[in-house]
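Could you walk me through this structure in the viewer, one selection after another? I have it open and would like to know what to click on next and what I will find there.

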Amino acid sequence: MIIIEKLTKVYGEVRAVKKLNLEVYSGEIFGFLGPNGAGKTTTLRILTTLTKPTSGCVWIKGFDVITQPLQVKGEFGVVQQHLSLDRELTVWENMELHARLHHIGGVERRRRIAELLDYVELSQYANQIVENLSGGMKRRLMIARALIHRPKLLFLDEPTVGLDAQTRRRLWELIRRMNLDGATVFLTTHYIEEAEALCHRVGIIYQGQLIALGSPLELRQQVGMTTVETLSDNKDPDYHYFSDRAAATAYVQSLPPEVKTITTRDSNLEDVFVELTGRKVGDD
Amino acid sequence: MSPLLYLLAFGYGLGRGMEVEGVSYLEFVIPGIIALTAMTTSFNSAGMKLNVDRLFYKCFDEILMAPVSPLSLILGKSLIGVLRGLIVSLVFLIIGIAISPMKVSPLFILPLLLTCFTFSFMGVLAALLAKSHQDMATFSSLVLLPMTFLGGTFFSSSQLPQALKVILYIIPLTHSSQCLRAVTLGQPFPWLSLLAIVGFGLAFFVGCVMVLRRASV
């Protein structure tokens with residue numbers, strides 16, 4: 001679905017993306033995980049034709065993003081990180097505008113808008129001005145808008161950022177449903193639990209480079225399935241990774257008494273990130 | 001509102017009893033104010049809306065990601081300026097006809113329409129280049145405001161020394177004022193000025209295309 005080869009983007013002295021190679025397969029939910037400033041949004045902007053790369057190639061469904069932008073633009077839908085709705089228009093008018101931009105004709109346009117507003121449970125708000133909607137509703141409207149031309153590829157840039165836990169889980173369900181209905185989903189996130197809950201495969205990006213790629217399970221297996229977190233006086237926590245619980249338990253029993261706090265738990269993608277970079281995903 | 005204030009201050013206040021180029025100052029200044037109205041309304045309607053969409057609502061990216069060519073996009077974004085510019089100018093034209101005898105022929109519409117297009121393209125270009133809302137205000141202060149007072153709206157260029165005339169003729173509004181004034185005063189039509197308006201319009205349009213192509217794919 002997406003092939004990225006040696007993609008590089010340089011802003012002045014800053015190399016935002018460095019020789020990125022990546023393939024995203026049809027039908028998967030792919031998560032691009034990394035801290036703020038890692039290069040996720042820059043990569044996404046290049047994939048969606050908003051930014052020109054400094055070098056490298058990108059193909060979406062066989063179309064070259066650089067030389068065939070008009071063909072590529074019809075193949076994907078995008079939900080941006082920030083709210084990008086026309087807040088002076090109603091829910092229906094926002095959908096209508098987007099449908100017209102995608103050259104969808106009269107009767108079909110009205111049918112699809114009604115269908116999609118129903119899909120994201122916003123039918124009863126069709127005539128509301130967007131400004132008056134809640135954050136979760138605006139996000140759902142952005143998803144509906146991105147689906148108006150029935151794209152087989154969806155880009156979601158930090159789709160749940162700033163939303164409460166309940167709304168976030170509702171959106172996760174919607175993303176799973178879209179994937180089951182046949183859409184390939186490429187999402188960027190810095191929420192570990194989001195990547196683990198949703199993605200079939202995850203790519204971890206750090207300082208513009210892809211440092212790990214695989215399913216959440218494969219990535220956890222790379223560092224060890226069990227983590228022991230220890231805390232001594234006046235020190236930062238130490239992380240130790242083990243292939244199974246038995247090995248972790250044996251290690252815990254061997255620890256000296258100065259170690260005040262010991263936590264044994266399943267490893268997660270945060271541990272993968274810490275092990276590979278020496279810092280946490282949320283650190284800036 | 002500002003065209004009416006200009007009319008009151010310059011047409012009735014300062015210019016009462018004055019004659020310019022053999023006609024009353026009121027007859028002289030009204031076509032200039034119509035050109036000025038077309039400029040400011042077209043620029044603000046196209047530019048300010050795009051600036052807000054781009055930097056505040058951030059919904060312009062959505063349009064950039066749609067399968068629409070840059071040419072269609074720029075034309076589409078400019079048409080709101082053209083439409084509003086035409087409506088407001090025509091309303092002011094009706095007021096002008098009511099208070100001062102003016103000859104209006106179909107030839108009046110052509111430079112007016114081209115003026116609206118030219119300044120709409122200029123507004124779109126400024127909005128595409130602006131990095132903040134303040135940039136638009138700065139552009140207005142540095143470009144539109146000097147044009148307002150130097151663009152042949154309030155005085156005749158024939159009164160100026162040759163060196164200053166050159167400066168006046170590199171201002172698009174001067175050409176708009178001259179075309180509209182020539183029609184309403186029954187003077188020979190300045191076709192070169194009409195060509196200049198087209199030239200400025202094309203330059204701004206090409207500038208918009210280049211800025212869009214430079215930024216996105």
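Before the first selection, one term is needed: two strands count as paired if DSSP finds at least two bridges between them. Keep in mind throughout that this is a predicted model.

**Stop 1: chain A as a whole**

Start by showing chain A alone. Its C-alpha atoms fill a box of roughly 75 × 45 × 35 Å along the principal axes. If you switch to a cartoon, you will be looking at 10 helices and 13 strands. Chain A has 284 residues, and 40% of them are buried. Of the contacts in chain A with a separation of 6 or more, 66% link residues 24 or more positions apart.

**Stop 2: a sheet of three strands**

Now select residues 226-231 of chain A, which make up strand E11. This strand belongs to an open sheet of three strands in chain A, with the order E12-E11-E13 and antiparallel pairing. Add residues 238-242 for E12 and 261-266 for E13: these two strands stand at the edges with a single partner each, so one side of each is left without a neighbour in the sheet. From one strand to the next, the twist averages 20°.

As a reminder of what holds such an arrangement together, strands of a sheet pair through backbone hydrogen bonds, either parallel or antiparallel.

Stay with E11(A) and E12(A) for a moment. How many bridges join them? There are five. For a place to zoom in, pick A:Val228 and look across to E12(A), where A:His240 stands opposite.

**Stop 3: A:Val259, in a loop**

Next, click on A:Val259. You will find this residue in the loop between helix H9 (245-253) and E13 of chain A. Is A:Val259 buried, exposed or partly exposed? With 15 other C-beta atoms within 10 Å, A:Val259 is partly exposed, because a residue needs 20 or more to be buried and 12 or fewer to be exposed.

Show the surroundings too. Leaving aside residues up to four places away in sequence, A:Val259 touches A:Thr230 and A:Ser232. A:Ser232 lies 27 residues from A:Val259 along the chain, yet their C-alpha atoms are separated by 4.7 Å.

**Stop 4: where the two chains meet**

Bring chain B back into view and look at its contact with chain A. Chain A puts in 21 residues and chain B puts in 14. On the chain A side, the elements that give two or more residues are helix H2 (69-73) and helix H3 (91-101). H2(A) gives the most to this side, with three residues. Colour the chain A side by residue class and you should count eight nonpolar, nine polar and four charged residues.

**Stop 5: H2 and H4 of chain B**

Now hide chain A and turn to the helices of chain B. Two packed helices are described by the angle between their axes and the distance between the axes.

Select H2(B) together with helix H4, residues 70-99 of chain B; the two pack at about 155°, with their axes 8 Å apart. They are therefore roughly antiparallel to each other, and the crossing is right-handed. To see the contact, show side chains including B:Ile34, B:Ala38 and B:Phe43 in H2(B), and B:Val88 and B:Phe92 in H4(B). By class, this contact has 12 nonpolar, nine polar and three charged residues.

**Stop 6: H8 of chain B and its two partners**

Keep H2(B), residues 25-55, and add helix H8(B), residues 172-184. Here the angle is about 135° and the axes are 8 Å apart, so H2(B) and H8(B) are oblique to each other. Their crossing is right-handed. Among the residues in contact are B:Pro31, B:Leu36 and B:Met39 of H2(B), and B:Leu173 and B:Arg181 of H8(B). This contact divides into eight nonpolar, four polar and one charged.

For the last selection, swap H2(B) for helix H5, residues 109-129 of chain B. The axes of H5(B) and H8(B) come within 9 Å and cross at roughly 165°, which makes the pair roughly antiparallel. This crossing is left-handed. Show B:Pro111, B:Leu112, B:Thr115 and B:Thr118 of H5(B), which meet B:Pro172, B:Ser176, B:Cys179 and B:Leu180 of H8(B). The contact has five nonpolar, three polar and no charged residues.

Notes:
Residues are numbered from 1 along each chain as its sequence is written. Chains are lettered from A and ligands numbered from 1 in the order in which they are written. This is a predicted model: local features need pLDDT of at least 70, side-chain atom pairs count only at pLDDT 80 or more; totals for chains, interfaces and linings use all residues. Helices (H or I, at least four residues) and strands (E, at least two) are DSSP runs, numbered from the N terminus. Axes are lines fitted to C-alpha atoms, for helices over the stretch in contact, and angles run from 0 to 180 degrees between N-to-C directions. Two residues are in contact if their C-beta atoms, placed from the backbone, lie within 7 Å. Ala, Val, Leu, Ile, Met, Phe, Trp, Tyr, Cys and Pro count as nonpolar, Asp, Glu, Lys and Arg as charged, and the others, Gly among them, as polar. Angles under 35 degrees count as roughly parallel, over 145 as roughly antiparallel, 65 to 115 as roughly perpendicular and the rest as oblique. A crossing is left-handed if the near helix is turned anticlockwise from the far one by less than a right angle, and right-handed if clockwise.
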